[in-house]
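Here is a friendly briefing to read with the structure open beside you. It takes up one chain-to-chain interface, then one ligand site.

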Number of protein chains: 4
Amino acid sequence: AGALCLADYESLAGGLLSAPVGDFISGGSGAELTLRGNRSALDRVRITPRVMAGVEAADPSGRLVGSASEMPVAVAPMAYQRLVHPEGELELAQAAADAGVPYVISTLSSYPLEKIPGECWFQLYWLRDRAVVEGLVDRAAGCSALVVTVDVPVMGRRLRDVRNGFALPDDVVAANLQTTREAHAAVPGVSAVAAHTASAFSPTVSWDDLEWLKRRTELPLVVKGILDPRDARRAAEIGATAVVVSNHGGRQLDGAVASIDALPEVVDAVGNDIDVLMDSGIRSGTDVLKALAVGASGVLIGRPLLWALAVDACDEAFGLLRTEVTDAMLLAGCADLAAVKGLTWRNDG
Amino acid sequence: AGALCLADYESLAGGLLSAPVGDFISGGSGAELTLRGNRSALDRVRITPRVMAGVEAADPSGRLVGSASEMPVAVAPMAYQRLVHPEGELELAQAAADAGVPYVISTLSSYPLEKIPGECWFQLYWLRDRAVVEGLVDRAAGCSALVVTVDVPVMGRRLRDVRNGFALPDDVVAANLQTTREAHAAVPGVSAVAAHTASAFSPTVSWDDLEWLKRRTELPLVVKGILDPRDARRAAEIGATAVVVSNHGGRQLDGAVASIDALPEVVDAVGNDIDVLMDSGIRSGTDVLKALAVGASGVLIGRPLLWALAVDACDEAFGLLRTEVTDAMLLAGCADLAAVKGLTWRNDG
Amino acid sequence: AGALCLADYESLAGGLLSAPVGDFISGGSGAELTLRGNRSALDRVRITPRVMAGVEAADPSGRLVGSASEMPVAVAPMAYQRLVHPEGELELAQAAADAGVPYVISTLSSYPLEKIPGECWFQLYWLRDRAVVEGLVDRAAGCSALVVTVDVPVMGRRLRDVRNGFALPDDVVAANLQTTREAHAAVPGVSAVAAHTASAFSPTVSWDDLEWLKRRTELPLVVKGILDPRDARRAAEIGATAVVVSNHGGRQLDGAVASIDALPEVVDAVGNDIDVLMDSGIRSGTDVLKALAVGASGVLIGRPLLWALAVDACDEAFGLLRTEVTDAMLLAGCADLAAVKGLTWRNDG
Amino acid sequence: AGALCLADYESLAGGLLSAPVGDFISGGSGAELTLRGNRSALDRVRITPRVMAGVEAADPSGRLVGSASEMPVAVAPMAYQRLVHPEGELELAQAAADAGVPYVISTLSSYPLEKIPGECWFQLYWLRDRAVVEGLVDRAAGCSALVVTVDVPVMGRRLRDVRNGFALPDDVVAANLQTTREAHAAVPGVSAVAAHTASAFSPTVSWDDLEWLKRRTELPLVVKGILDPRDARRAAEIGATAVVVSNHGGRQLDGAVASIDALPEVVDAVGNDIDVLMDSGIRSGTDVLKALAVGASGVLIGRPLLWALAVDACDEAFGLLRTEVTDAMLLAGCADLAAVKGLTWRNDG
Ligand SMILES: Cc1cc2nc3c(=O)[nH]c(=O)nc-3n(C[C@H](O)[C@H](O)[C@H](O)COP(=O)(O)O)c2cc1C
Ligand SMILES: Cc1cc2nc3c(=O)[nH]c(=O)nc-3n(C[C@H](O)[C@H](O)[C@H](O)COP(=O)(O)O)c2cc1C
Ligand SMILES: Cc1cc2nc3c(=O)[nH]c(=O)nc-3n(C[C@H](O)[C@H](O)[C@H](O)COP(=O)(O)O)c2cc1C
Ligand SMILES: Cc1cc2nc3c(=O)[nH]c(=O)nc-3n(C[C@H](O)[C@H](O)[C@H](O)COP(=O)(O)O)c2cc1C
């Protein structure tokens, strides 16, 4: 049987992927408290729908960080998509383009960023070598936004990967980088991917670097991985167009607050100055509705779309997601996204 | 063994009904968060009983939306009752009449509304064809109230039905309508019943339509499916006699707040202007007591009575319910419904 | 293996008692929400112990409703103790006497109240026949207190008993009453014990009756089964010496608040005017400590002692309980009961 | 497979230790509510990490009660370490020294305190015989701190030990004491270790004794086992250098508040006057981070290190712990411990 809802791709993909690859995608860091916390926190949010709104068809379209978007959704940056599908990024980005949804290219994409179709944002990891960073920023000039991920000074300890001795297969590489083979050879006690991160990424990236980057690019700047309102304010002051409230899907600091729980204070802190996106744990159209009611302008969705890619069902997945989002809007009496923002909610449990 | 309490009919009926019919009745939309949330929220409500009230026999009778009622309970409108019993609506309505409890006829009843015995209210779904609506309203003139259901602009995505390819059997029809065969043929990805709803119901129904209806009928108007206090106020302003705080038994917006949790704010909002009924998750006399203590004037009960109908035990079910209600009243020291409203409660958990 | 703690008697007795008798004792009413709620509410209470108190040996003795008591504990009134042991009340009361703890004789004791040894209080159910009530009150003149149970206008619906068709065996009778055989013959849909209660007990008992009783007896009056602070005040005004905050061990109104959760408001309401005892769910010395820290002057313990009686281990049970109470006091740095009352606590979870 | 995280040593050791020894270590008192509560309370604490802090390498070093320490961690005093490893205290203390972490020698160590290597603190149980106490204090002069444990006036009832008839094997003795054989012979109903405690320890130890001790020693005084802020203030007034907020790992008063939940009020009470350490339930670097964010200056870790000793992996365990701590600091954007203290947190659940 196929997928009846976006969340179904997890089990569908589970049957297809090798255990180490499945774990690499599903897993979180440490005891996976934050991974689970993202879901339970979203489940606790309860919406109060409106009625009699006279809505023929809900319109979930709008602008997201300056991109037109058919839904308040973008595809989260996810590394190495060839792990699950030979066409990897090409396939998922094309489906996103067809669905009218921005696609965020990871620094660690397994196809070169120039080859990836559609309306794309480029996600930047801060590499130790400033020249490489400059090169990436230049190459990303054709993208519609630059997403700087700030929650990976080092990679979180993902114990499933360590246990599995996870390493990239030979034919999956960080295609944007002159990559060493580091990510392909597991070392005891640390996953190969984490080892690569440790040697390639700069843990010392700071707000000064962000200011430098702001001057260096004309793209709208999105700061991804913020949970503390003080950091959100700082990003706004530097001129970011948006922040993404995120705990990296529970893959970085285990024990970090759930994104949806951190969202209200961040929204309070930056008021209407900049856009506040959110990710980590979104699994359905109802979750999108919840994030918007709680205060986000839009969400990134990660794993569910990667699982859909794994079973070669990207178009279907975006179709289901659109159905779920418009369905939730209609049932909540919301003609458009502005109406969604006016919904009240409570924390139940 | 028979039923010892109203809740027992669920498992008793479970053994008799086909899986798709059982699922159609039991199921909710999406991940069924709201379906489960209705129950856990009711379980969390804890009552503080009174003692030494000198009550010989508790009297649960009163008026419900202008109907005399032996208990603060009405039978919730439920479509297609022939699905579970050949006499369907006839049987359940007769038992309700014998128990002195109003019966709400669904727009989608499988017997014509004119044939259904007892003190009935008519539930109206807003159909796209205004003439059909007018016809139904005219035909309902002999009922004691008109219940407009406002939480079904479209049908919620009930994944069990989609999975089962649920469609109506040939001999079960929407007897009040010149129905097409749509509800009888499953389409992949959508249940036949949902498809029928989509084509027949008007999603654009609005407060203006309710005003029109108010002028068109002399029956007391009940607005069913309200959770937001702002909507309750609006219904009161238009002249509704009552609202039903309801999330449609968890069958519409998954992630919607539990009815019992939404109740206090709605009661606050409409004060003493109109009656506030409640449904979704009521399974026992104690639950009825809780709903009244929290602020409702009465409740609708859905599934438990349909399960009782399935095992041909409607009279017994009303008897058990009455026992449970009067028993709970006596144990809480309440001679009548006014006393129940004076009980204090807390949210435990 | 024997009992290591008071709570162990439940499983030890479980192996010995017939299922219907075991159920009669363990069970609660309805869905047993309150039965379970008593336990979870007690578990949630967390104590902040004190240290360096210089306590050689904790002294848990004090006065309880005018009786000297070696522990802040009395044996709760429980009907028909011959159900679990041929010597029934005689055995358990003797053990209580040896432990220096008051024993409350039930109206429905299976030995006549005059035969029961030790420092006893008499528990009165309000029977329909005023002459019988007067007779019982007169016969109880030798007891140290009169406990009027006010939460049984009718018996709660205990579904286990209904399911089991529970009835008293021939050799177990309500020895204080000219009892009919009613409690010995099960009727479908209602347990024999409940049927007997319905015919013998007066549901109309009221505060006026309590005033009458207050004039009629010189014993200290204890009102058992109060949860609402308004009722506690009323009892105090009538001249009661104590109230017992109790939901009858989850056997009466299912959905009633846990006793320990109701306790603080009752204590607030009656201030220092009268004693506030508490029961329902106490299973250990730590629970006793909790009840006192939350505000009770003492507790009644029911089922654990009946289970101990079933395995003929009453003395051992009182010994264990005393060990648990003094141990908890020592570990909380409390030399005496006054110190226990000064402990702070929080609700965790 | 080896340990991937500090918590893994529990199951690794579980396979090696005899059941009674495993239970002696893992177990708590009573129903083990506090044992479990320590963990659930720590899991509920959620941290809000900071980003872009420009941290090359996190530095977890600092001073702990006057000792330089490579991490804000000390090894909790634990009796009889030869139970799990022939070299017992020698081995674990050496590993602590190599890791640059203080080791707390138990009064009940199975090697004499003089033999134990590295930077040590001595933990004092207050024995009935004042001369023995004086002797221990004198012998501990070479240690860097004196830790007085105040939550063991008697030993908590650890039912696993009673059930197992737990007694020390012949070759494990309290090497600092002229010990009797008491701890080696189980008595029915009480563990041999508890019996020994009862006869050897003084339950009457009081604040006066602490004042005496303060005058008697020049070592910094640490009072271990405090949960109530009033006791913390008292310790500060007497001149203690630090308190340890602890419930003895759930081994003393069952039902006591979780240490992490008690921590904020203690920190509030003693302000900046003295150091506040914390223990009970710490199982990972993230837990260390949480304790510091909530207000502790450092933590003691007990069982995980004993389990590591059991599998002869002390060095590896300290290595893992250091990795976990620095990793958590980096991911939370903290260059040093001062930054950790500035993190915000919430209680989730
Ligand atoms: C397999 C995988 C790879 C990821 N790679 C990146 C990445 O390269 N850059 C990045 O900023 N975030 C990356 N993330 C994090 C996602 O962008 C996103 O924050 C997270 O997946 C959201 O949570 P969700 O998967 O629960 O929707 C990755 C996540 C996963 C699951
Ligand atoms: C099988 C089924 C059919 C229903 N059909 C209708 C309907 O035709 N019209 C309507 O207003 N509500 C309908 N409802 C919703 C009920 O009126 C009611 O809101 C809900 O069942 C209450 O929850 P409960 O079943 O938990 O008591 C239906 C519910 C069920 C379970
Ligand atoms: C088997 C049984 C019989 C009881 N009989 C009486 C009774 O005759 N009179 C009364 O006031 N309470 C009666 N009770 C209630 C107890 O007095 C007490 O309120 C309750 O058991 C306390 O809860 P616990 O069992 O959890 O300690 C009975 C309870 C049980 C379990
Ligand atoms: C086996 C064992 C022995 C212990 N012995 C002592 C002791 O001799 N002195 C003492 O102060 N605390 C003792 N404790 C308590 C620890 O110092 C510490 O407070 C507790 O273990 C912290 O909880 P954790 O094990 O969850 O980290 C002991 C704990 C265990 C598990």
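A good place to begin is a salt bridge between Asp348(B) and Arg44(C), whose closest N and O atoms lie 2.6 Å apart. Please keep in mind that this is a predicted model. The bridge belongs to an interface of chain B and chain C that holds 5 salt bridges by the rule applied.

**Links across the B–C interface**

- Besides the salt bridges, there are polar contacts to look at: 9 residue pairs make them across the interface of chain B and chain C, with both residues at pLDDT 80 or more.
- On chain B, the elements that each supply at least two residues to the side touching chain C are strand E1 (45–48), helix H11 (285–294), helix H13 (314–331) and strand E12 (344–347).
- H13(B) gives the largest share of that side, with 7 residues.
- By residue class, the side of chain B that touches chain C is made up of 15 nonpolar, 7 polar and 9 charged residues.

**Extent of the B–C interface**

- In contact terms, 31 residues of chain B meet 36 residues of chain C.
- Together the two chains, B and C, bury about 2800 Å², and 58% of this is on carbon and sulfur atoms.
- Which three residues supply more of the area that chain B buries against chain C than any other three? They are Leu4(B), Met52(B) and Leu331(B), which provide 27% of that area.

**Polar partners of ligand 1**

- Now turn to chain A, where the side chain of Tyr125(A) places an N or O atom 2.8 Å from a nitrogen atom of ligand 1.
- Asp279(A) also reaches the ligand through its side chain: an N or O atom there is 2.7 Å from an oxygen atom of ligand 1.
- For Arg283(A), a side-chain N or O atom sits 2.9 Å from an oxygen atom of ligand 1.

**The shell around ligand 1**

- How much of ligand 1 does the protein bury? The ligand exposes 600 Å² when taken alone, and the protein buries 98% of that.
- Two elements of chain A give two or more residues to the shell around the ligand: helix H2 (19–26) and helix H12 (303–310).
- The shell has 23 residues, and those that come nearest to ligand 1 are Pro77(A), Ser106(A), Tyr125(A), Thr149(A) and Asp279(A).
- Tyr125(A) and Asp279(A) thus appear among the nearest residues, and their side chains are also the ones described above at 2.8 Å and 2.7 Å.
- Sorted by class, the shell around ligand 1 contains 9 nonpolar, 9 polar and 5 charged residues.

Conventions. Residues numbered from 1 in each chain as written. Chains lettered and ligands numbered in written order. Predicted model: local features only at pLDDT ≥ 70, side-chain atom pairs only at ≥ 80, totals over all residues. Heavy atoms only, no water. Contact = heavy atoms within 4.5 Å. Buried area = accessible area lost by both parts, 1.4 Å probe. Salt bridge = Lys/Arg side-chain N within 4 Å of Asp/Glu carboxyl O. Polar contact = N/O pair within 3.5 Å; in protein donor to acceptor, adjacent residues only side chain to side chain. Helix = DSSP H or I, 4+ residues; strand = E, 2+ residues; numbered from the N terminus. Nonpolar A, V, L, I, M, F, W, Y, C, P; charged D, E, K, R; others polar. Near = heavy atom within 4 Å. Areas by Shrake-Rupley, 256 points an atom, 1.4 Å probe, with all protein chains shown as cover.
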